[in-house]
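Visitor: I would like a close look at a single part of this model, the surroundings of the ligand. Please start with the cysteines and then work outward to the helices and loops.

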Amino acid sequence: MSEFAEIILDGKSYQLPVVEGTENEKAVDISALRAQSGYVTLDSGYKNTGATTSAITFLDGEQGILHYRGYPIEQLAEKSNFIEVAYLLIYGSLPTQQELNDFSNKIRLHTLVNEDMRKILDGFPSTAHPMGILSALISSLTAFYPESLNPNQTKEEVDLSIIRLMAKLPTIAAWSYKNSIGHPVNYPKNKLDYCSNFLHMMFAYPTEEYELNPVVVDALNKLLILHADHEQNCSTSTVRLVGSANASLYSSVSAGISALWGPLHGGANQAVIEMLEAIKADGGDSKKFIAKAKDKDDPFRLMGFGHRVYKNFDPRARIIKKAADEVLTALGINDPVLDIAKELEEAALNDPYFVERKLYPNVDFYSGIIYRALGIPTDMFTVMFALGRLPGWIAQWKEMRENKEPIGRPRQIYTGATKRDYVAVENR
Ligand code: CMC
């Protein structure tokens with residue numbers, strides 16, 4: 001018999017199969033445990049729970065390894081571009097030239113959004129956070145493409161939803177920004193590549209020519225590639241969970257955007273810059289904030305430090321740190337907030353509290369710094385993360401559908417009151 005785990009409950013022994021992945025990761029398959037023994041497993045925050053098998057992304061948090069479909073992130077960041085990586089994640093292999101041309105041409109053809117979308121956008125107050133707008137507008141795509149609600153769509157129909165989502169999210173994202181600053185929106189320019197088109201929609205004015213800086217386009221490609229997938233993180237698990245109820249691609253991704261918004265997840269890149277600005281406003285003493293982060297009675301955490309799975313280093317952070325240095329040099333940026341970032345990084349990397357707990361700067365520490373250098377406003381940082389994570393969400397949603405995974409429905413251990421009788425209000 002192949003390898004199994006034995007568990008003894010109430011004096012009775014149960015054998016649980018062991019599942020092994022292609023990179024030799026092992027899991028105990030407990031799916032039949034409750035039916036056999038009446039026991040469930042308890043794992044708050046799913047720290048030790050494999051929710052699915054997946055052939056998309058491999059990461060080894062101890063060794064700092066990240067592969068998309070087997071390709072190391074370092075090679076993809078150096079040699080590929082975001083659209084090619086998106087194809088790789090969604091369809092499983094690197095595209096031929098013909099496949100790549102088809103994929104990117106189709107995306108170019110679908111960048112326009114229905115003009116009625118602008119009316120929805122206009123309805124948001126200027127105080128609206130762009131992540132809220134993005135989540136709402138992506139969900140509202142179901143209204144424009146109601147056929148996407150059919151859970152039995154053909155492969156071709158699903159592919160069209162994928163193309164539409166890849167094409168329209170940058171337009172919606174850039175429009176949410178333009179709307180927030182009271183400027184006219186820019187329509188997409190389909191002769192531009194994906195990243196250039198997004199930058200044009202974000203920063204061009206109808207009154208002036210917009211010149212693209214290749215350093216900026218390159219940095220944006222890298223950032224999007226590094227964020228493109230990260231296996232079963234909070235937002236991706238959300239996309240899979242919502243999608244497991246047969247919800248449409250648009251609604252599932254909209255839910256993922258809401259999850260990403262949280263400051264412990266994608267919202268961390270915004271939180272990093274806000275923290276650095278707060279340190280600057282307080283006089284710039286980074287040591288004081290390091291002490292706050294170490295104080296158990298103080299809820300303050302150093303944003304951009306630590307990671308749930310990377311416990312030695314975040315491989316994305318290494319690549320992005322280099323890109324951040326290049327961008328700052330190329331754009332000749334001298335920003336006091338970035339000096340504080342360097343001090344903080346230096347101090348934390350040499351402080352036993354952070355060293356013992358293996359708390360290193362994560363990808364969001366540096367991505368926030370690059371976004372700021374590129375002129376992207378702070379509350380758009382998490383939108384940039386969403387733009388990058390989109391192919392990963394799509395790939396994971398598609399995989400879940402193709403594997404015909406059952407609806408996600410965790411169990412619990414109830415700890416509330418035991419049965420008691422209703423008491424009329426006058427007797428309470
Ligand atoms: N500053 C100070 N102390 C920290 C930090 C931090 N940023 N992160 C963790 N710790 C401490 C924590 O207090 C605990 O100490 P102790 O063992 O003495 O109680 C220990 O380190 C372990 O922390 P944890 O909360 O059990 O770790 P976790 O794996 O549950 O949390 C995390 C991971 C990313 C939520 C956390 O490190 C954190 O809150 N970091 C700041 C937010 C952040 O940068 N998030 C972006 C993550 S990368 C982007 C993404 O993939 O979403």
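**Cysteines, ligand shell, helices and loops**

Guide: By the sulfur distance rule, the count of disulfides comes to zero. The rule asks for two cysteine sulfur atoms within 2.5 Å. Keep in mind that this model is predicted. Two cysteines show different settings. Cys 195 has a relative accessible area of 2%, so this residue is buried. Cys 234 has 47% and is partly exposed.

Now the ligand. The shell around the ligand holds 20 residues, and the nearest of them are His 265, Arg 301, Leu 302, Gly 304 and Phe 305. Sorted by class, the shell has eight nonpolar, seven charged and five polar residues.

Take the polar contacts one by one. In the side chain of Arg 301, an N or O atom is 2.7 Å from an oxygen atom of the ligand. Gly 304 uses its backbone: an N or O atom there lies 2.8 Å from a ligand oxygen. The side chain of Lys 47 also takes part, with an N or O atom 3.4 Å from an oxygen atom of the ligand. On its own, the ligand has 950 Å² of accessible area, and the protein covers 78% of that.

Next, helix 9. This helix runs over residues 214-227 and has 14 residues. At 1.5 Å a residue, helix 9 should span 20 Å, and the end C-alpha atoms are 20 Å apart, so the two values agree. Eleven of the 14 residues are buried, so helix 9 is largely enclosed by the rest of the structure. The cut-off for buried is under 20% relative accessible area. Among the buried residues of helix 9 are Val 216, Val 217, Ala 219 and Leu 220. Polar and charged side chains are on that list too, including Asn 221 and Lys 222. His 227 is also buried. At the N-terminal end, Asn 213 acts as a cap for helix 9. A side-chain oxygen of Asn 213 lies 2.9 Å from the backbone nitrogen of Val 215.

Helix 11 can be read the same way. Helix 11 covers residues 249-261, which makes 13 residues. The expected span is 18 Å, and the end C-alpha atoms are 18 Å apart, which agrees. Helix 11 is mostly covered, with ten of its 13 residues buried. The buried set includes Leu 249, Tyr 250, Val 253, Ser 254 and Ile 257.

Ser 254 leads on to another helix. The C-alpha atoms of Ser 254 and Leu 141 are separated by 9.8 Å, although the two residues are 113 residues apart along the chain. Leu 141 sits in helix 6, residues 130-144. With a relative accessible area of 2%, Leu 141 is buried.

Last, two loop residues with unusual signs in phi. Asp 10 has a phi near 50 degrees, a positive value in a residue other than glycine. Asp 10 is found in the loop between strand 1 (4-9) and strand 2 (12-20). Its relative accessibility is 68%, so Asp 10 counts as exposed. Lys 358 also has a positive phi, near 55 degrees, and is likewise not a glycine. Lys 358 is placed in the loop between helix 16 (352-356) and helix 17 (363-373). At a relative accessible area of 36%, Lys 358 is partly exposed.

How values were computed. Residues numbered from 1 in each chain as written. Predicted model: local features only at pLDDT ≥ 70, side-chain atom pairs only at ≥ 80, totals over all residues. Heavy atoms only, no water. Buried < 20%, exposed > 50% of the residue type's maximum accessible area, 1.4 Å probe, protein only. Near = heavy atom within 4 Å. Polar contact = N/O pair within 3.5 Å; in protein donor to acceptor, adjacent residues only side chain to side chain. Areas by Shrake-Rupley, 256 points an atom, 1.4 Å probe, with all protein chains shown as cover. Helix = DSSP H or I, 4+ residues; strand = E, 2+ residues; numbered from the N terminus. Expected span 1.5 Å × (residues − 1).
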